[in-house]
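This briefing goes through a single protein chain, first by way of one residue and its surroundings, then at the level of the whole chain. Please keep the sequence and the model in view while reading.

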Amino acid sequence: MTTQRCSRRILAVAPWRGVVLAATYEYLDPDLDLADGIVQRAGASAEVHAWTQAALKVAYKHSFASAGDPAADRDELFLF
């Protein structure tokens with residue numbers, strides 16, 4: 001039986017009306033019995049609600065993983 005662990009933490013603040021800033025941390029261990037395979041991701045995002053029913057969000061995430069893992073040192077940028 002494979003035992004997994006997944007955790008996600010978000011810290012968000014709204015410094016002004018219509019603006020949300022957030023920091024995220026994600027931890028994934030697909031198999032607790034093995035030493036390899038752990039992936040950690042840290043990220044930041046900004047969301048602006050400029051108009052009614054419309055929002056613009058930009059998010060960045062960086063993955064930390066064991067050397068040789070496809071997720072190692074991967075950067076992601078999202079705009080939606």
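**Briefing on the predicted model**

E47 is found in strand β3, which covers residues 39–51. The coordinates belong to a predicted model, and every value below was computed from it. The protein chain as a whole has 5 strands and 0 helices, and its radius of gyration of 16 Å is well over the 12 Å that the globule rule gives for 80 residues, so the chain is more spread out than a compact globule.

**E47 in strand β3**

- Leaving aside neighbours within four places in sequence, E47 is in contact with G18, V19 and V20, and likewise with A55, L56 and K57.
- The side chain of E47 also makes a polar contact with the side chain of H49, at 3.1 Å.
- Although E47 and A14 are 33 residues apart along the chain, their C-alpha atoms are separated by 9.4 Å.

**H62 in strand β4**

- H62 is found in strand β4, which takes in residues 54–65.
- With a relative accessible area of 16%, H62 falls under the 20% limit and therefore counts as buried.
- The side chain of H62 makes a polar contact with the side chain of D75, at 2.4 Å.
- When residues up to four places away in sequence are not counted, H62 touches Q40, R41 and A42 as well as D73, R74 and D75, so that D75 appears both in this list of contacts and as the polar partner of the H62 side chain, given that contact means heavy atoms within 4.5 Å.

**Fold and dimensions**

- Read from the N terminus on, the elements of the protein chain follow the order β-β-β-β-β.
- Taken along the principal axes, the box filled by the C-alpha atoms of the protein chain is roughly 50 × 20 × 20 Å.
- Among the contacts in the protein chain with a separation of 6 or more, 27% are accounted for by residues 24 or more positions apart.

**Burial, surface and charge**

- Of the 80 residues of the protein chain, 21% count as buried, and H62 is one residue that is buried.
- The protein chain exposes about 6,100 Å², and carbon and sulfur atoms supply 60% of that area.
- The protein chain carries 8 positive and 10 negative charges, and the mean positions of these two sets are 12 Å apart.

Key:
Residues numbered from 1 in each chain as written. Predicted model: local features only at pLDDT ≥ 70, side-chain atom pairs only at ≥ 80, totals over all residues. Heavy atoms only, no water. Helix = DSSP H or I, 4+ residues; strand = E, 2+ residues; numbered from the N terminus. Rg over C-alpha atoms; globule rule 2.2 N^0.38 Å. Buried < 20%, exposed > 50% of the residue type's maximum accessible area, 1.4 Å probe, protein only. Areas by Shrake-Rupley, 256 points an atom, 1.4 Å probe, with all protein chains shown as cover. Lys, Arg positive; Asp, Glu negative; His and termini not counted. Charge placed at Lys NZ, Arg CZ, Asp CG, Glu CD. Polar contact = N/O pair within 3.5 Å; in protein donor to acceptor, adjacent residues only side chain to side chain.
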